[in-house]
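User: I should like to learn how descriptive terms are justified from a structure. May I ask about them one at a time?

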Amino acid sequence: MPGNTHKSRTSNKMMTLFVCFLAALAGLLFGLDIGVIAGALPFIAKDFNVTSHQQEWIVSSMMFGAAIGAIGSGWMSSRLGRKKSLMAGAILFVIGSLWSAMAPNPEMLIAARVVLGLAVGVASYTAPLYLSEIAPEKIRGSMISLYQLMITIGILGAYLSDTAFSYTGNWRWMLGIITIPAILLLVGVCFLPNSPRWLAAKGHFRDAQRVLDRLRDTSEQAKRELDEIRESLKIKQTGWSLFRENSNFRRAVYLGVLLQVMQQFTGMNVIMYYAPKIFEIAGFSNTTEQMWGTVIVGLINVLATFIAIGLVDRWGRKPTLTLGFLVMAVGMGILGTMLHIGIESPGAQYFAVAMLLMFIIGFAMSAGPLIWVLCSEIQPLKGRDFGITVSTTTNWIANMIVGATFLTMLNTLGNANTFWVYSGLNILFIILTVMLIPETKNISLEHIERNLMSGKKLRDIGSQE
Ligand code: BGC
């Protein structure tokens with residue numbers, strides 16, 4: 001009956017949208033938790049009277065938890081499934097948010113942020129994986145960039161809510177309010193279907209078929225997809241043993257590690273976590289100015305992500321990345337020079353802010369989304385779970401190092417040198433991008449895999465020949 005088919009097609013579309021919305025909510029929470037600390041930290045520092053070193057630990061304990069969470073979720077999402085992993089992540093988000101809002105002392109706050117980190121680690125591994133397994137083929141590619149967009153919207157949301165609460169200085173509300181989206185995620189995840197790919201991998205083909213029937217337009221489409229999944233399951237994931245035996249696979253894993261180290265050592269999170277502090281260094285002594293400046297940073301981060309979405313498949317990964325690193329190197333370099341000379345006049349202050357924003361644009365249009373895209377493209381199917389676990393964990397470890405050293409760098413190297421170090425690193429990344437990073441635009445994942453495994457140079461694994 002045409003009427004019925006139409007109705008079920010519409011409801012299948014709604015179901016797919018609902019599923020994608022929920023998985024993206026995990027990205028939003030990831031961003032909220034990254035962003036919230038920037039505005040809360042100055043008030044926490046005042047309230048608990050903590051040293052710079054303790055502040056660094058309040059910031060970085062979350063990344064420590066996230067590294068553990070990312071390592072654990074490779075195992076968890078394959079044993080318990082993606083849905084139950086997301087559920088565990090959502091429960092940890094609720095516990096971590098409530099606990100950190102109520103922490104009676106800095107030690108408890110650090111412990112609570114490790115729990116939040118576990119949640120973020122689980123979400124940052126499981127949500128994109130689930131999305132890529134459930135989204136129809138046509139939109140699978142854009143999902144990763146959209147996921148990054150949700151992260152940046154989360155960061156902006158946190159900056160806005162921090163600003164709203166900053167008038168009363170109530171950092172407990174800043175941290176506690178995140179419980180609401182965390183509960184929404186928890187309730188929503190209960191209604192999610194299991195990933196059809198995971199069900200099939202566990203041998204539950206009939207259940208996998210049922211889920212696909214609910215998500216795809218026609219039952220032929222669902223059947224075709226299940227056949228493809230069956231076919232791809234013939235290739236067993238061997239991860240660790242493949243890593244030991246195959247030097248070509250090892251190269252892909254190392255490349256994933258390098259890519260994530262490059263993303264983090266651009267210095268982006270120095271700004272994400274310590275933005276109000278940086279505005280203070282640039283001469284904005286008033287808290288309201290610092291908070292609104294931070295909101296503008298968050299907004300520009302969201303908007304510039306659209307540049308990446310537009311450029312990634314047209315220009316390609318390599319030129320976009322190179323340009324991004326260049327923009328970041330110039331932004332940080334000039335900022336360092338201005339701090340060296342001294343920022344005295346209002347004109348100089350605003351110019352310093354412009355340089356900061358230029359850096360943010362450089363990151364959001366390139367390394368932000370593109371590193372995640374590349375990391376998911378370069379791993380051969382047989383070692384994909386392993387390779388992505390290693391690169392995601394590296395992201396969090398590098399993230400922790402950056403967060404845990406910034407204030408110490410300012411205190412020991414001085415303001416100007418700290419920014420120059422990051423500028424120098426971005427110049428180094430331009431060279432590494434040109435020498436080592438492949439262009440993977442318009443080439444199938446199978447082709448990349450064949451190039452990699454046949455021993456082609458890393459920078460050539462995206463070539464068509
Ligand atoms: C990075 C995060 C960063 C965020 C900023 C992500 O791609 O992994 O570390 O905070 O972008 O937008």
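User: What makes the approach of Asn246 to Asn248 at the start of H12 a polar contact?

Analyst: A side-chain oxygen of Asn246 comes to within 2.8 Å of the backbone nitrogen of Asn248. A polar contact is a pair of N or O atoms within 3.5 Å; within protein, one must be able to donate a hydrogen and the other to accept it, and residues adjacent in sequence count only if both atoms are side-chain atoms. The pair at the start of H12 is therefore within the limit. The model is predicted: local features need pLDDT of at least 70, side-chain atom pairs count only at pLDDT 80 or more, and totals for chains, interfaces and linings use all residues. Residues are numbered from 1 along each chain as its sequence is written, and side-chain values use heavy atoms, with hydrogens and water left out.

User: How do you know that the length of helix H12 agrees with expectation?

Analyst: Helices (H or I, at least four residues) are DSSP runs, numbered from the N terminus. The expected span is 1.5 Å times one less than the number of residues. Helix H12 covers residues 247–264, 18 residues in total, so it should span 26 Å, and its end C-alpha atoms are 26 Å apart. For helix H7 (residues 179–190), with twelve residues, the distance from first to last C-alpha is 17 Å, close to the expected 16 Å.

User: Which residues of H12 are called buried, and which of H7?

Analyst: Buried means under 20% relative accessible area, exposed over 50%, and partly exposed in between (1.4 Å probe, protein chains only). In H12 the buried residues include Phe249, Leu255, Leu259, Met262, Gln263 and Gln264. In H7, Thr179, Pro181, Ala182, Leu185, Gly188 and Val189 are buried.

User: Why is Ile437 called buried?

Analyst: Its relative accessible area is 0%, so Ile437 meets the criterion for a buried residue. Ile437 is located in the loop between H19 and helix H20 (445–453). Contact means heavy atoms within 4.5 Å. Not counting residues up to four places away in sequence, Ile437 touches Leu255, Leu259, Met262, Lys318, Leu321, Leu374, Leu432 and Arg459. Ile437 and Lys457, 20 residues apart in sequence, have C-alpha atoms 9.8 Å apart.

User: Why are Asn426, Ser60 and Leu131 called buried?

Analyst: Asn426 has a relative accessible area of 0% and is therefore buried. Ser60 is also at 0%, so it counts as buried. Leu131, at 4% relative accessibility, is buried as well. Asn426 belongs to helix H19 (residues 415–436), Ser60 to helix H2 (residues 52–79), and Leu131 to helix H4 (residues 106–134).

User: What do Asn426 and Ser60 touch?

Analyst: Leaving aside neighbours within four places in sequence, Asn426 is in contact with Thr266, Phe325, Met328, Ala329 and Phe359. The side chain of Asn426 also reaches the backbone oxygen of Tyr422 at 2.9 Å. Ser60, with residues up to four places away in sequence not counted, touches Met400, Gly403 and Ala404.

User: Why is Asn49 called exposed?

Analyst: The relative accessible area of Asn49 is 68%, and so Asn49 is exposed. Asn49 is in the loop between helix H1 (2–48) and H2. Asn442, with 60%, is therefore exposed too, and is found in the loop between H19 and H20.

User: What makes the phi of Asn49 and of Asn442 worth a remark?

Analyst: Most residues other than glycine have a negative phi. Asn49 has a positive phi, near 55 degrees. The phi of Asn442 is likewise positive, near 55 degrees.

User: Which residues are closest to the ligand, and what makes the approach of Trp372 a polar contact?

Analyst: A residue is near a molecule if one of its heavy atoms lies within 4 Å of it. The ligand is surrounded by 15 residues, the closest being Gln148, Gln263, Gln264, Asn269 and Trp372. A polar side-chain atom of Trp372 lies 2.9 Å from an oxygen atom of the ligand, and that distance is within 3.5 Å. A side-chain N or O atom of Gln263 is likewise 2.9 Å from a ligand oxygen, while for a backbone N or O atom of Gly368 the distance is 3.4 Å. The protein covers 100% of the 310 Å² of accessible area that the ligand has on its own, as given by the Shrake-Rupley method with a 1.4 Å probe.

Definitions and conventions
Helix = DSSP H or I, 4+ residues; strand = E, 2+ residues; numbered from the N terminus.
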